[in-house]
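Open the structure in your viewer and keep the selection tool at hand. The stops below say what to select next and what is there.

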Amino acid sequence: FLLIRHKKEKKTRTLAVAFIIRQQQSSPGNIYSIPVAMLRTVSCSASLSSSSPFFRFFRHFPRSSTAALRGPSRNLGRISSPSAAGRRVFLRRGLRVSSAATAGGGGVNGQFSRFSVRAVATPSYPDVGQDEAEKLGFEKVSEEFISECKSKATLFKHKKTGCEVMSVSNEDENKVFGIVLRTPPKDSTGIPHILEHSVLCGSRKYPVKEPFVELLKGSLHTFLNAFTYPDRTCYPVASTNTKDFYNLVDVYLDAVFFPKCVEDVHTFQQEGWHYELNDPSEDISYKGVVFNEMKGVYSQPDNILGRIAQQAISPDNTYGVDSGGDPKDIPKLTFEEFQEFHRKYYHPSNARIWFYGDDDPVQRLRVLSEYLDMFEASSSRDTSKIETQKLFSEPIRIVEKYPAGRDGDLKKKNMVCVNWLLSEKPLDLQTQLALGFLDHLMLGTPASPLRKILLESGLGEALVSSGMSDELLQPQFSVGMKGVSQDNVQKVEELIMDTLKKLAEEGFDSDAVEASTNTIEFSLRENNTGSFPRGLSLMLQSIAKWIYDMDPFEPLKYTEPLKALKARIVEEGSKAVFSPLIEQFILNNSHRVTIEMQPDPEKASQEEAEEKSILEKVKAGMTEEDLAELARATEELRLKQETPDPPEALRCVPSLNLSDIPKEPTYVPSEVGDINGVEVLRHDLFTNDIVYAEVVFDMGSLKHELLPLVPLFCQSLMEMGTKDLSFVQLNQLIGRKTGGISVYPLTSSVRGKAEPCSKFVVRGKSMAGRAEDLFNLMNCLLQEVQFTDQQRFKQFVSQSIARMENRLRGSGHGIAAARMDAMLNVAGWMSEQMGGLSYLEFLHTLAKKVDEDWEGISSALEEIRRSLLARNGCVVNMTADGKFLTNIEKSVEKFLNLLPETPSGGLVTWDGRLPLRNEAIVIPTQVNYVGKAGNIYSTGYELDGSAYVISKHISNTWLWDRVRVSGGAYGGFCDFDSHSGVFSFLSYRDPNLLKTLDIYDGTGDFLRGLDVDQETLTKAIIGTIGDVDSYQLPDAKGYSSLMRHLLGVTDEERQRKREEILTTSLKDFKEFAEAIDVVREKGVAVAVASAEDIDSANQARSNFFEVKKAL
């Protein structure tokens, strides 16, 4: 976030907040990774890990579970699932295995994102001969066929500079390029992060303000971002269009090696930091995109914990500082230091370059040689090496404070996390794989023993920063809890150690080992990276070894190590394999750091006061002439930021032509039939022998008062047992027999209808030969699970509260958007009841009620089941190879026959909405999330495809320039829900509040005054088509087709909208201005912000906001 996701969430750990990976129905509470193409837990708490990368820009995570319905910006016509708004997934190396449920749902091993690639067909790839490579200035170092990804991989070395190039050839049309540089910082001024933002702000060949944004506007990219790790910076792009791909490659190469920013202090000030003074009589303030981004990061307790842990566990090397930048240190960075860092590290000798896909491997070298030949060899490869952290001789303990609100029982808001650095020397592939496997066994599912014991202890609300991390030089393992009372901090630490000792002594259940094995193998076979390019996943996997001068091929070859590990388990037993690992790397490892975080309601205000005091001293040290000059410089920077590049300058940025764009949308093969009267959709697609299935039930008979219980109903289905199976046994059975099952609610407005689309969805996947098991287990979950475990339900409530509070701090824009939707349409109200502020308020009330009226709650859960499960109104969706679709019909028929014919109760009319009013939601934060929305259909506006082009243009020009570039926010964008008619403006990590609202209100006038030439218009159209045609894997295609079916979106309508997009004119922009004025005149504003900023806003505009305290 992500927005990666995914985000991320920008210095990444899989989606830093610059790019968010859309992962359908992935649970923020269950995201796992596999090391070296295997299993590794990323985080059990969706918090930013210590090694998270930061992305160049915040790509908001659309509030929808499917990309297919979206128009441009991948957010148009959105569908909401309870926690989807603002969800971020952070980009990390490794194979991710995550629960497929939303935060309000539940899932077991349901959505797998892995870093192995599968290209179909017999490989036959063009070769680059040694002579040909020599002519272009390269030598061929080694070449291998990687069977795991059906690719031929060749490692080249540029003879003049020593730059290494991995050229991976296969039949994947989603081509990927990436350039990665080691960029170890010496302090926490954020120099690598600021530089990552800045190099894409104009270059030698592309001397415009931001060629990066021009590419966002008008390319067919499937990935476009940059991100900063603690020790390296990555610049990746991807596209399925070859011409477009090489346009992206050229812009990125020129940006990395020849950026304008090293000569332009204004870019450094804009992206990094500067003093801002609008008038000598006013106070000076700090501004800068990275500065405000990191203020947001340092407002989130989970992120603070991750950073403290990283710096404490590796205090003696580059990991002992924050590459993203500490807001207290960022203003210490000088422009000269910024320039020197680029000179030192941004050199081909220090670069690793990656190509992947079906493009010509000779052309890759030809393009590179034009750049690399301009350089001589440098010592940067040696000076950038990362030093090893020596292991401690004894454990240490650290106690720190984090900013907290004043409400609630602060004595129960402590956090504690135990962290180990596992080794001084790099681990062999076999050991890494075994540790990843161990990680999944201990923490990977709700039934995993370490996770289960901690959560069932009642000592805390949720896990935090837990799991194995192997993307940096030395692997580490962490496990912790949040929502811990002061009296229980020591008990949590003791329970962690005792549980690990018990696991080492007793080993793991054989069913658990079998379930983990199946999870891994299914994940690898499926190779489902969602909308994230497979080639980029591979690159990040390879680079995590390559960047440390190790073998870049090794991380891609997991088959033999996996086979060997499985053989060891069979021959020696799992205890003999895993117990020594627990003892050696954890129990007997003295390099242990325990972090205790204590809530401090004064910390946020103290930090603000300290910053204010520093700025007051700065101003006091200035003369009148100095102040006048600063005001002049502030205005000069603002004028430069808000002045667009002239059309003739923009022509230097390469782009496609409309003739390059297909005139028809991508069609998914679909057949609509029925089984025993139930509607069945079949999608005949190649899925590598995997069956994807969705069963959709109508929520039309559910009582209003039961709606907020639905997310917990979903979790209960997945994490409570049956009469014959404990939830652990059921969880393991799902892991052994399937690729995962998830359940969640889904809501959306339907254009032209008052009643919303409200559904309860069961998703599952399995190998085709296991389809009967899949549907049997679906039936078991839906009809046999018993809602009798009061203590587990109590845990679910506590976990949900912790998750929602974390979301308020980290994804406040999502909370604001959900709140506005709830005021403007019924579907939005339903979604907000299950995943917004109203849901959090409900959870607090429910937490008290669990002990007082468990029988009533249990009965309510049963009533929800009776209201949802029925053949009437049911829809089944199946995606697989045609022969398997026919074979599994009997299993589907058996499943359907076991369902009740009709739901209990009659149809319910959904008409709820929140009162229309401007709201400010108070949280302890240093930055704000500001939204405003209105329904443009209320003006009589009728949907036209041009609206998608216009909304994308507004985000990439008006809002980018005013909210981000000039205003200093990390993100600013608009979102048009074509189903409801709601047009929303949102900002992310924003230092402003009323100023941002004024920018939103000026959008109509911006459109009326707009004068765009045909080239600019063409670029906007092409970029919109790129969003509409977003790359999808087979499961996503089938799911998107289902969503269109449920919402009545026909192929004819899609074709009509596409034609309207392609024929968008300036006249459409002018006419849309009249519709969008409704947001200014009748819209509602919601801000998630600090008490101080809200008070200031209400003083400036008398009681503009109605205030609600959330934390």
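Two residues are in contact when heavy atoms of theirs lie within 4.5 Å. Keep in mind on every stop that this is a predicted model.

**Stop 1: Tyr-206**

Select Tyr-206, in the loop between helix H2 (191-198) and helix H3 (211-218). Which residues does Tyr-206 touch, not counting those up to four places away in sequence? They are Pro-211, Asp-250, Val-251, Asp-254, Cys-652, Val-653 and Pro-654. Now show the side chains of Tyr-206 and Asp-250, which are joined by a polar contact of 2.3 Å. Next, add Cys-652: it is 446 residues from Tyr-206 along the chain, yet their C-alpha atoms are separated by 5.9 Å. Tyr-206 has a relative accessibility of 5%, so it counts as buried, the limit being under 20%.

**Stop 2: Asn-225 and the ring pair beside it in sequence**

Select Asn-225, in the loop between E11 and strand E12 (227-228). Is Asn-225 buried or exposed? Asn-225 is buried, with a relative accessible area of 0%. Draw a distance from its C-alpha to that of His-197: the two are 9.7 Å apart in space and 28 residues apart in sequence.

The whole structure has 40 aromatic pairs. For one of them, select Phe-223 and Phe-532, an edge-to-face pair with 5.7 Å from centre to centre and 85° between the planes. This pair links distant parts of the chain, 309 residues apart. Phe-223 is in strand E11 (residues 221-224), while Phe-532 is in the loop between helix H14 (510-526) and helix H15 (534-546). Both of these Phe residues are buried.

**Stop 3: two threonines in strands**

Select Thr-154, in strand E8 (residues 151-158). Its relative accessible area is 5%, so Thr-154 is buried. The side chains of Thr-154 and Glu-143 are joined by a polar contact of 2.8 Å. Leaving out residues up to four places away in sequence, Thr-154 touches Glu-143 and others, including Lys-140, Val-165 and Phe-553.

Then select Thr-594, in strand E22 (residues 592-600). Thr-594 is buried, with a relative accessible area of 2%. With residues up to four places away in sequence not counted, Thr-594 touches Ile-396, Arg-397, Ile-398, Val-416, Cys-417, Val-418 and Glu-493.

**Stop 4: the nonpolar cores**

How many residues does the largest nonpolar core have? This core has 94 residues, and those with the most contacts inside it are Phe-697, Phe-760, Phe-793 and Leu-808. Helix H23 (residues 771-784) supplies the largest share of the core, 8 residues. A second core, separate from this one, has 71 residues, among them Val-208, Leu-224, Val-249 and Val-251.

Go back to Leu-808 and show what surrounds it. Apart from neighbours within four places in sequence, Leu-808 is in contact with Ile-815, Leu-837, Leu-840, Ile-921, Ile-923, Val-1088, Ala-1110 and Leu-1111.

**Stop 5: more rings**

Select Tyr-937, Tyr-941, Phe-976, Phe-983, Phe-985, Tyr-1000 and Phe-1072 together; ring pairs link them into a cluster. Then look at two rings that have an arginine over them. Arg-232 lies over the face of Tyr-229, 4.1 Å from the ring centre. The charged end of Arg-763 sits over the ring of Tyr-1039, at 3.9 Å from its centre.

**Stop 6: backbone angles**

Most residues other than glycine have a negative phi. Here are two with a positive one. Select Asp-549, in the loop between H15 and helix H16 (559-572). Asp-549 is not a glycine, but its phi is positive, about 65°. With a relative accessible area of 36%, Asp-549 is partly exposed.

Now select Asn-688, in the loop between strand E24 (678-684) and strand E25 (690-698). Asn-688 is not a glycine either, and its positive phi is about 60°. Its relative accessibility is 13%, so Asn-688 counts as buried.

**Stop 7: cysteines**

A disulfide is a covalent bond between the sulfur atoms of two cysteines. How many disulfides does the structure hold? It holds 0. To finish, select two of the cysteines. Cys-149 counts as buried at 2% relative accessibility, and Cys-714 is buried with a relative accessible area of 0%.

Notes: Residues numbered from 1 in each chain as written. Predicted model: local features only at pLDDT ≥ 70, side-chain atom pairs only at ≥ 80, totals over all residues. Heavy atoms only, no water. Core = buried A, V, L, I, M, F, W, Y, C linked by side-chain atoms within 4.5 Å. Buried < 20%, exposed > 50% of the residue type's maximum accessible area, 1.4 Å probe, protein only. Helix = DSSP H or I, 4+ residues; strand = E, 2+ residues; numbered from the N terminus. Polar contact = N/O pair within 3.5 Å; in protein donor to acceptor, adjacent residues only side chain to side chain. Phe/Tyr/Trp six-rings, centres within 6.5 Å; stacked < 30°, edge-to-face > 60°. Lys NZ or Arg CZ within 6 Å of the ring centre and 35° of its normal. Disulfide = S-S within 2.5 Å.
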